[in-house]
Amino acid sequence: MELNNSKAKRITWFQKNQVKISPWIFLAPGLIFFSIYVIAPIFVSIGISFYQWDGLSPSIYVGLQNYIELLDDEYFYISLWNNLKWLIFFMLAVPIGLGLAIFLNQIVFGIRLIKSLFFFPFVISQVVIGLIFTWFYQPNYGVIAPFLNFIGLEGFSILANENTATYGIIFAGLYPQIAYCLILYLTGLNNINPEQIEAGRMDGAKGFHLFWNIVLPQLRHATFLAIVVTVIGALRSFDMVAIMTQGGPYGYSNVLAYYMFEQALSEYGYRMGYGSAIATVLFTIMMFYILFFIYRMYRNEREDNN
Amino acid sequence: MFPTPIHQRPIVNQYIYKIFLPISLIIWLIPIFGILMTSIRGLGDITAGNMWGTPSEFLLFSNLYDVFTNTPMIKYTLNSFKVTIPTMLGAVALSCMTGFALANYKFKTNLIIFFIFIAGNFVPFQILMIPVRDLTFKIGLYNTITGLVLFHVAFQTGFCTLFMRNFIKALPQELIEAARMDGASEFRIFWKIILPLTRPAIAALCVLIFTFIWNDYFWATVLIQGDHAMPITAGLKSLNGQWITAYHLLSTGSIVAAIPPVIMFFLMQKHFIAGLTLGATKG
């Protein structure tokens with residue numbers, strides 16, 4: 001009897017507090033995992049950036065030394081400048097994706113298959129895309145070689161020239177990114193309120209006017225997502241650089257993401273502290289966009305609740 | 001509908017559209033045609049610079065044979081599956097729970113935890129690289145598939161939680177309230193009511209995670225060294241160094257690497273798109 005009683009009590013206690021305890025039970029595995037592998041490393045990295053460390057021997061505290069060195073590092077500025085180029089030119093994916101989406105938003109025979117084929121560069125690994133474009137750009141065997149010969153640039157290597165290498169990589173990067181934006185915009189166009197469009201047409205709105213004043217505002221959500229993923233893609237650009245030029249020639253196509261890797265973990269050396277300092281800079285830049293994204297989500301949450 | 005449906009336009013415009021559509025598609029897919037054609041060719045065509053003409057020999061099968069027998073390509077492909085599938089299952093399982101917790105319970109830190117997951121998901125990989133590599137070393141999993149999977153699961157949980165939480169939040173709350181009234185335990189609500197309803201979200205996440213992880217290159221280079229555990233993206237890169245100008249083999253290898261996500265995409269296209277747009281599709 002007494003045993004039953006205590007058992008009953010325990011159940012009651014759990015039942016009583018079930019709604020309070022349950023979220024933590026459900027959260028625990030994911031949250032612990034995420035904290036260990038994602039949240040904690042951010043702080044550890046920032047910490048390492050104040051040390052001089054090769055990954056093996058004991059680390060030496062150097063204060064701001066790594067950051068001071070960064071300020072004098074020509075290659076750091078080249079990488080930062082290239083990141084800016086990425087940010088600007090990668091953005092082309094957004095209007096081009098939108099244009100393509102409008103072009104493809106029709107109902108004709110085979111359009112479903114055609115749309116899927118337009119999406120599909122996005123599904124392929126950037127390694128593969130990078131390899132394809134590297135080969136395209138080859139001065140002698142490449143696909144654009146006949147074209148280069150035609151305009152009198154025989155043997156010109158886009159990826160070996162310090163002025164063109166970054167643009168060559170960005171162009172290759174745009175290929176899947178346009179497909180990504182296209183997907184977002186096609187979905188957006190699909191969700192547009194047809195009544196508003198018809199009402200606009202009744203009022204005599206046509207063509208660009210209709211697009212700019214009635215369609216584009218309704219594509220806000222798609223535009224927001226497209227810009228966010230494109231900015232993040234631009235700042236994360238690593239794969240393409242690693243495959244196509246490895247930052248060359250002489251670091252002229254480097255970006256922070258790859259430069260960090262090169263400093264911390266390649267044949268150029270194991271400078272973990274210096275690498276972490278570069279990563280911290282990149283993280284700080286990214287944080288602006290992340291906070292902006294979160295702020296928007298927060299606003300939406302509040303609207304939902306009110 | 002925007003733009004105006006083409007069949008409401010003058011007949012000339014309709015023809016122009018129908019001619020332009022396939023032309024634009026062909027231009028768009030030139031890079032893909034490029035590797036497809038090259039995978040058929042032999043070394044002769046490559047050195048002769050015959051890139052776009054008719055292949056002088058049909059060597060697709062011989063190229064495939066070369067790629068599979070002379071290189072660890074089979075091993076790489078298997079490794080990719082061994083990394084991708086457990087990651088997919090792990091991240092989806094964890095995020096079903098976190099998503100449920102964040103969508104259904106009101107507690108003080110709810111939004112903060114949710115935003116931490118989102119923020120972590122967007123962080124540049126480089127800020128994680130050194131500590132994660134170090135940690136993987138310390139627990140003895142450097143250079144193993146398990147080590148790579150553990151990181152991927154943890155990282156993907158961020159995105160999956162964002163997605164799952166929003167999906168579950170949009171489900172009718174009455175269902176849960178009614179079950180609670182009937183005295184169902186929280187676990188039972190999760191298992192019997194929520195999980196069956198999240199099936200479309202789970203499908204969307206599975207396709208997305210599959211493609212993300214299959215195509216991952218960065219972590220494969222940071223956490224893996226050596227052929228025994230190397231996934232296909234990193235494998236392809238290392239073969240690229242050996243093949244140099246053997247573009248026919250490179251193309252064949254690229255196609256092998258691209259096939260699984262492409263199949264996945266075509267089979268589950270609707271889910272894939274729903275996932276990418278964070279569930280903003282109408283179907």
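**Exercise 1. Work out what share of chain A is buried, and how spread out the chain is.**

Step 1: Of the 306 residues in chain A, 42% count as buried. A residue is buried if 20 or more other C-beta atoms, placed from the backbone, lie within 10 Å of its own; with 12 or fewer it is exposed, and in between it is partly exposed.

A quick note before going on: this is a predicted model, where local features need pLDDT of at least 70 and side-chain atom pairs need 80 or more, while totals for chains, interfaces and linings use all residues. Residues are numbered from 1 along each chain as its sequence is written, and chains are lettered from A and ligands numbered from 1 in the order in which they are written.

Step 2: Chain A has a radius of gyration of 26 Å, whereas a compact globule of 306 residues would be near 19 Å. This radius is taken over C-alpha atoms, and the globule rule is 2.2 Å times the number of residues to the power 0.38.

Step 3: Along the principal axes, the C-alpha trace of chain A spans about 95 × 70 × 30 Å.

**Exercise 2. Describe chain B in the same terms.**

Step 1: Count the elements: chain B has 15 helices and zero strands. Both are DSSP runs numbered from the N terminus, helices being H or I with at least four residues and strands E with at least two.

Step 2: The radius of gyration of chain B is 24 Å, well over the 19 Å the globule rule gives for 283 residues, so chain B is more spread out than a compact globule.

Step 3: Buried residues make up 47% of chain B.

**Exercise 3. Find how many residues each chain brings to the contact, and sort chain B's side by class.**

Step 1: Chain B gives 78 residues and chain A gives 79. Two residues are in contact if their C-beta atoms, placed from the backbone, lie within 7 Å.

Step 2: On chain B's side, 55 residues are nonpolar, 19 polar and four charged. Nonpolar means Ala, Val, Leu, Ile, Met, Phe, Trp, Tyr, Cys or Pro; charged means Asp, Glu, Lys or Arg; the others, Gly among them, are polar.

**Exercise 4. Explain why helix H15 of chain B is largely enclosed.**

Step 1: Helix H15 (residues 269–276) of chain B has six of its eight residues buried, so the rest of the structure largely encloses it.

Step 2: Those buried residues include B:Phe272, B:Ile273 and B:Leu276.

Step 3: Now look at the cover, which includes helix H8 (165–190) of chain A, along with helix H8 (145–169), helix H11 (199–214) and helix H14 (247–267) of chain B.
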